[in-house]
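Visitor: Could you walk me through this one with the cut-offs spelled out? I'd like to ask about a few side chains and how the strands fit together.

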Amino acid sequence: GKETEDYLFAHASSRITYDIPAGVSKFEAWGVRTHGDENVFGSWFYIVKIDGKEVFRSKPLVEYDTYEIPISVSIPQGSKELELIIDNMTNGFADHSIWALPKLK
């Protein structure tokens with residue numbers, strides 16, 4: 001439940017899993033294409049699952065003008081596991097994406 005200012009670097013087709021502490025009711029983050037590599041097209045989408053159930057799926061990252069996806073998910077009381085997923089859609093070399101400033105609160 002403690003806020004973090006960390007960036008979670010997650011390559012395309014990767015998963016990060018959190019145990020959800022008691023009392024946490026919200027997850028927030030940004031899905032972001034890493035800046036500085038203009039040859040990377042950003043063709044990913046971001047998924048959030050809670051206890052194996054999909055609760056958020058973005059449009060492809062290229063459909064967001066800023067290449068930043070705001071993500072906010074309510075967590076039902078008693079939930080145990082939060083899974084963060086980045087899946088690559090078209091570009092096998094486009095693996096420069098991150099979860100920015102994730103917060104469980």
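Visitor: Is E28 buried, partly exposed or exposed?

Guide: A word on the source: this is a predicted model, where local features need pLDDT of at least 70, side-chain atom pairs count only at pLDDT 80 or more, and totals for chains, interfaces and linings use all residues. Residues are numbered from 1 along each chain as its sequence is written, and side-chain values use heavy atoms, with hydrogens and water left out. Buried means under 20% relative accessible area, exposed over 50%, and partly exposed in between (1.4 Å probe, protein chains only). E28 has 22% relative accessibility, so the label is partly exposed.

Visitor: Which residues join E28 in one salt-bridge network?

Guide: A salt bridge here is a side-chain nitrogen of Lys or Arg within 4 Å of a carboxyl oxygen of Asp or Glu. E28 pairs with K26, closest N and O atoms 3.4 Å apart, and also with K105 at 3.2 Å, N to O. The E28–K105 pair ties strand β3 to the segment after β8, 77 residues apart. Shared partners put E28 in one network with K26 and K105.

Visitor: How accessible is K105, as a percentage?

Guide: K26, on the other arm of that network, is partly exposed with a relative accessible area of 31%. K105 also counts as partly exposed, and its relative accessibility is 38%.

Visitor: Which residue meets E83 in a salt bridge?

Guide: E83 counts as buried, because its relative accessibility is 15%. The partner is 68 residues away: E83 sits in strand β7, and the other end is in strand β2 (residues 14–19). The N to O distance is 3.5 Å, and the partner is R15.

Visitor: How many salt bridges does the rule give?

Guide: We've met E83 with R15, K26 with E28, and E28 with K105. By this rule the count comes to 4.

Visitor: Next door to E83, what is the C-alpha separation of L84 and I16?

Guide: L84 lies in strand β7 and counts as buried, since its relative accessibility is 0%. Its contacts (heavy atoms within 4.5 Å) beyond four places in sequence include I16, F27, V48 and W99. L84 and I16 are 68 residues apart along the chain, yet their C-alpha atoms are separated by 5.0 Å.

Visitor: Which strand gives the most to the largest nonpolar core?

Guide: That core is a set of buried Ala, Val, Leu, Ile, Met, Phe, Trp, Tyr and Cys residues joined through side-chain atoms within 4.5 Å. Of its 20 residues, F27, V48, I69, I71, I75, L82 and W99 touch the most other members. β3, β4, β6, β7 and β8 each supply at least two residues. With 4 residues, the top contributor is β4.

Visitor: In the hairpin of β4 and β5, which residue takes a positive phi?

Guide: Strands pair if DSSP finds at least two bridges between them, and β4 and β5 (residues 53–57) run antiparallel with 4 bridges. K49 stands opposite E54 there. The hairpin has 2 residues between the strands, and the one with a positive phi near 50° is D51.

Visitor: Zooming out, how many strands are in the chain?

Guide: Elements are DSSP runs numbered from the N terminus: helices are H or I with at least four residues, strands are E with at least two. Buried residues make up 41% of the 105 residues. The chain has 0 helices, and its strand count is 8.
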